[in-house]
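Please examine the sequence and the model shown below. The paragraphs that follow lead from the central strands to the ligand, the domains and a few single residues.

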Amino acid sequence: MRFEGKRALVTGAAGGIGAAIVRGLRAEGARVAAADRDVAGVEADALLPGDLLDAAHADGLAEAARSALGGLDIVVNNAGVITRGPVTETSDADWALSLGVNVEAPFRICRAAIPILAAAGGGAIVNTASCWGLRPGPNHAVYCMTKAALASLTQCMGMDHAHQGIRINAVCPNEVNTPMLRTGFARRGFDPDRAVAELGLTVPLGRIAEPEDIADVVLFLASDAARYMCGSLVEVNGGKAVA
Ligand SMILES: NC(=O)c1ccc[n+]([C@@H]2O[C@H](COP(=O)([O-])OP(=O)(O)OC[C@H]3O[C@@H](n4cnc5c(N)ncnc54)[C@H](O)[C@@H]3O)[C@@H](O)[C@H]2O)c1
C-alpha cells in the first residue's frame, strides 16, 4: 500500500492509460480525483468532468481535487490527443487542439498545483509525454512537437521546484494498446486487433505495451521509491527505440 493516505488528481482518467493509473493508485491506498471529458464510467473518489481546452477548467482542477479529497499529494497529467500528418496537412484546428490539450493544459494544471503541493510540504507530478517527444517519428509533426514541449517543461519544472519538495517527472511510452492507438488504426481501415499484433512483432519484447505497463512506471515515479528523481524522462518502450 505505497499510497495509503495520499490524494491524487489524474487527467485523461477515462482513457486507456489513465484508467489503469486510477486503478493502480486506488489499489494501493490512494484516493483519486478522476478528470476527463466524460467520467460516467470511471470509478474514483471524486469525479471532475470537463474540457481541458477550457482554460478556467484546467486552472481550477488542482484546487477542485484538493477540495474534494481534503488535500493533494500527486498530480498525473495524462490526458492527450494525437493529430497525424506532416505540417502541410495540419489544420489550424489540429494545431489548437494538440497544443491546448498536450501542452497548455498540463502547464495550467502544474501552475495551479505547484503552490498547493508546496504549501502542504511537497508532492509528485507525473506527466505522460512520449518516446516521440524525445526523438521524432514520421508523419506526426505537431504531436511530436507537443510531447517534446511537455518533456522540456517537465525537465524545467523538475529543476525549478525540487527545492519545494516537489518531484516532477515524465513517462515516455512508445506504442500502447489503448483507444488512442486502436481508433487510429480503425480510421485508416485496419483491423485494430491484427494491427496491434503486427505492430508487436516490431518490438524487441514481442508485443506493444498494455496500459498497465505504463501505469506501473507512473506509480513508481509518483511513489517514494522515486524520491531522488526530478525532471527525469523515463522511456518505457519494450526495447523499441524511435528510429
Ligand atoms: N497509446 C499510445 O500509443 C501512446 C504512446 C505514447 C504516449 N501516449 C500518451 O498517453 C496519454 C494517454 O493516452 P491513451 O493512449 O490512454 O489515450 P486515450 O485516448 O485512451 O486517453 C486519453 C484521454 O484523454 C482525454 N482527453 C483528451 N482531450 C481532452 C480534453 N480536451 N479534455 C479532457 N480530457 C481530454 C480523453 O477523453 C481520453 O479519455 C496521452 O497523453 C498520450 O499522448 C500514448
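Strand β4, residues 74-77, is covered on both faces: Ile74 and Val76 on one side, and Val75 and Asn77 on the other, are all buried. A residue is called buried if 20 or more other C-beta atoms lie within 10 Å of its own, exposed if 12 or fewer do, and partly exposed in between, with C-beta atoms placed from the backbone. Strands (E, at least two residues) and helices (H or I, at least four) are DSSP runs, numbered from the N terminus. In a regular strand the side chains alternate between the two faces of the sheet.

The model is a predicted one, in which local features need pLDDT of at least 70 and side-chain atom pairs count only at pLDDT 80 or more, while totals for chains, interfaces and linings use all residues. Residues are numbered from 1 along each chain as its sequence is written.

Which strands pair with β4? Strand β1, residues 7-11, pairs with β4 in the parallel sense over three bridges, and strand β5, residues 123-128, runs parallel to β4 and is joined to it by four bridges. Two strands are said to pair if DSSP finds at least two bridges between them. On the β1 side, Ala8 stands opposite Ile74 of β4, and Leu9 has Val75 as its bridge partner in β4. On the β5 side, Val76 stands opposite Val126. The sequence also links β4 to β5 by way of helix α3, residues 92-119, and the three elements make a right-handed β-α-β unit. A crossover is right-handed if, with the strands pointing away from the viewer, the path from the first strand over the helix to the second runs clockwise.

Strand β1 deserves its own description. Five of its five residues are buried: Arg7, Leu9 and Thr11 lie on one side, and Ala8 and Val10 on the other. Besides its pairing with β4, β1 pairs with strand β2, residues 31-36, in the parallel sense over five bridges. Ala8 has Val32 as its bridge partner in β2. The chain passes from β1 through α1 to β2, and this β-α-β crossover is right-handed.

The next topic is the ligand. How many residues surround the ligand? There are 26, and the closest are Gly12, Gly15, Gly80, Thr178 and Met180. A residue is counted as near a molecule if its C-beta atom, placed from the backbone, lies within 6 Å of it. Helices α1 (16-27) and α6 (179-187) each supply at least two residues of this shell. By class, the shell holds 13 nonpolar, nine polar and four charged residues. Here Ala, Val, Leu, Ile, Met, Phe, Trp, Tyr, Cys and Pro count as nonpolar, Asp, Glu, Lys and Arg as charged, and the others, Gly among them, as polar. Domain 1 and domain 2 each contribute at least three residues to the shell.

The chain is divided into domain 1 (7-174 + 211-235) and domain 2 (175-208), with bounds that come from an automatic or database domain assignment. Their C-alpha centres lie 23 Å apart. The contact between them takes eight residues from domain 1 and six residues from domain 2; two residues are in contact if their C-beta atoms, placed from the backbone, lie within 7 Å. On the side of domain 1 that touches domain 2, α1 and α8 (211-222) each supply at least two residues. That side has five nonpolar, three polar and no charged residues.

Three single residues complete the account. Ile214 is found in helix α8 and counts as buried because it has 24 C-beta neighbours inside 10 Å. Not counting residues up to four places away in sequence, Ile214 touches Ile17, Val171, Pro173, Val176, Ala209 and Val236. Val203, found in the loop between α7 (192-200) and α8, is partly exposed, with 16 other C-beta atoms within 10 Å. With residues up to four places away in sequence left out, Val203 touches Ile208, Gly238, Gly239 and Lys240. Asn139 lies in the loop between α4 (131-134) and α5 (141-160). Is Asn139 buried or exposed? Asn139 counts as exposed because it has 11 C-beta neighbours inside 10 Å. Its backbone has a positive phi of about 65°, although Asn139 is not a glycine. Most residues other than glycine have a negative phi.
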